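This briefing walks through one protein chain for a reader at the bench, moving from an unusual backbone position to packing, strands and overall layout. Please keep the sequence and the model open alongside the text.

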Amino acid sequence: MQLLLRSGGQRVAVDMERAGGQTLNVGEYSYRPTHMARKVRRLAAQMWGSDLAPGILEQRLTFEALDGGVGSSPWSDSGSFSPTSGSIVSLGRWDEDGSIGIALHELAHEMHMRSGGYDNSDGVLREALSLLAERESGLRRTFEREPYYTASNLISQLCELSNFARQSFAKRWDEIVTLSNDVGLSDLVNFYLDRSERLGLGRWLKRYSDNLELRDAILNRIAAVTLRYSLNYRRYFIERVVRCNSEITPDQLTYVFESITTLDRRYPNDDLEQIIAVCFAPHTRQRRRLLAFG
Ligand SMILES: [Zn+2]
């Protein structure tokens, strides 16, 4: 890992792992380059094991410090990744541990690229993998900009679900790295929500149809509708799906989903639960009536 010190027109490169006990001040923060390099190496080895090929940390990860602290614009990024030149972490925006988290974020982009999925993934999926890695190092950030905002919401939701969260990092990484877009990630949230809380969506679909393609298509539509939902709205939505009569046709299901999306868009201040309930009402079993007949 290299540390590039820039001052005026001059550049000095330091091998961080041989910087001894030196400290470096950038802006309001102070950094211990050797300590940081060792911690990044340890965390990266824990996360990716032997997939972390020799040379990645040495040749593809650079820390950068501008003389006089944070030089460029305040909204510029604290880190960047380029498939051609690798990762750069700018010191001065986060403290030592935070900057280590940023390094793991950028390394995650590198590992995603090496696994072959980076080029075919959308921005939400790319950032979601990187946010999973930076969380693992302890960094928690909030975002207002896309695709970070959606990626961060979906990753937080996954990490709240016990069946997902209790798995090793390698397993969590493997599940997300096989996906390619935001809807796939939303589907993964629904899958783990269904499993963690036994909502019965998987069982309902199996009863509903033997056709795997149809089942996947329905799950995909549910994932698209619930893409920006909180866990509470996802739960509410799935509970309504599993109460549908199995006579409901795929077209009717699609119509219900589309109506919810349309009404939610048209009346953003209305209660979403009410919109969901109203749209599902013609197709859901009435619990009380069933009891009365039973
Ligand atoms: Zn990123």
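Arg198 has its place in the loop between α8 and α9, and its phi is near 45°, a positive value in a residue other than glycine. The model is a predicted one, and every value given below is computed from it. Arg198 counts as exposed because 9 other C-beta atoms lie within 10 Å, where 12 or fewer is the cut-off for that class.

**The chain as a whole**

- The chain contains 14 helices and 7 strands, and its C-alpha trace spans about 80 × 40 × 30 Å along the principal axes.
- Of the 294 residues in the chain, 32% count as buried.
- Among contacts in the chain with a separation of 6 or more, 67% are accounted for by residues 24 or more positions apart.

**Helix α8 against helix α10**

- Two packed helices are described by the angle between their axes and the distance between the axes.
- For α8 and α10, the packing angle is about 100° and the axes are 8 Å apart, which makes α8 roughly perpendicular to α10, since angles of 65 to 115 degrees fall in that class.
- On the α8 side the contact is formed by Val183, Ser186, Asp187 and Asn190, which meet Leu219, Asn220, Ile222, Ala223 and Ala224 of α10.
- Sorted by class, the residues in this contact of α8 with α10 are 5 nonpolar, 3 polar and 1 charged.

**The buried side of helix α11**

- Helix α11 covers residues 231-241, and within it Arg234, Phe237, Ile238 and Val241 are buried.
- These buried residues lie on the same side of α11 because they cover an arc of only 95° around the axis.
- The elements that cover the buried residues of α11 include α8 (182-197), α9 (201-208), α10 (212-225) and α13 (272-280).

**Strands β6 and β7**

- In a regular strand the side chains alternate between the two faces of the sheet.
- Strand β6 (residues 79-82) shows such an alternation, in that Gly79 and Phe81 point to one face and are buried, whereas Ser80 and Ser82 point to the other face and are not buried.
- Strand β7 (residues 86-90) runs antiparallel to β6 and is joined to β6 by 4 bridges, while a hairpin of 3 residues connects β6 to β7 along the chain.
- Within this pairing, Ser80 of β6 stands opposite Ile88 in β7.

**Two further loop positions**

- The peptide bond that joins Glu146 and Pro147 is cis, with omega about 5°, and Pro147 is found in the loop between α4 (123-136) and α5 (148-160).
- Thr284 lies in the loop between α13 and α14 (287-293), and Thr284 is partly exposed because 18 other C-beta atoms lie within 10 Å, short of the 20 or more that would make a residue buried.
- Leaving aside residues up to four places away in sequence, Thr284 touches Arg240, Arg243 and Cys244.
- Thr284 and Ala165 are 119 residues apart in sequence, and the C-alpha to C-alpha distance between Thr284 and Ala165 is 32 Å.

Technical notes
Residues are numbered from 1 along each chain as its sequence is written. This is a predicted model: local features need pLDDT of at least 70, side-chain atom pairs count only at pLDDT 80 or more; totals for chains, interfaces and linings use all residues. Helices (H or I, at least four residues) and strands (E, at least two) are DSSP runs, numbered from the N terminus. Two strands pair if DSSP finds at least two bridges between them. The arc is that of the directions from the helix axis to the C-beta atoms. Two residues are in contact if their C-beta atoms, placed from the backbone, lie within 7 Å. Axes are lines fitted to C-alpha atoms, for helices over the stretch in contact, and angles run from 0 to 180 degrees between N-to-C directions. Angles under 35 degrees count as roughly parallel, over 145 as roughly antiparallel, 65 to 115 as roughly perpendicular and the rest as oblique. Ala, Val, Leu, Ile, Met, Phe, Trp, Tyr, Cys and Pro count as nonpolar, Asp, Glu, Lys and Arg as charged, and the others, Gly among them, as polar.
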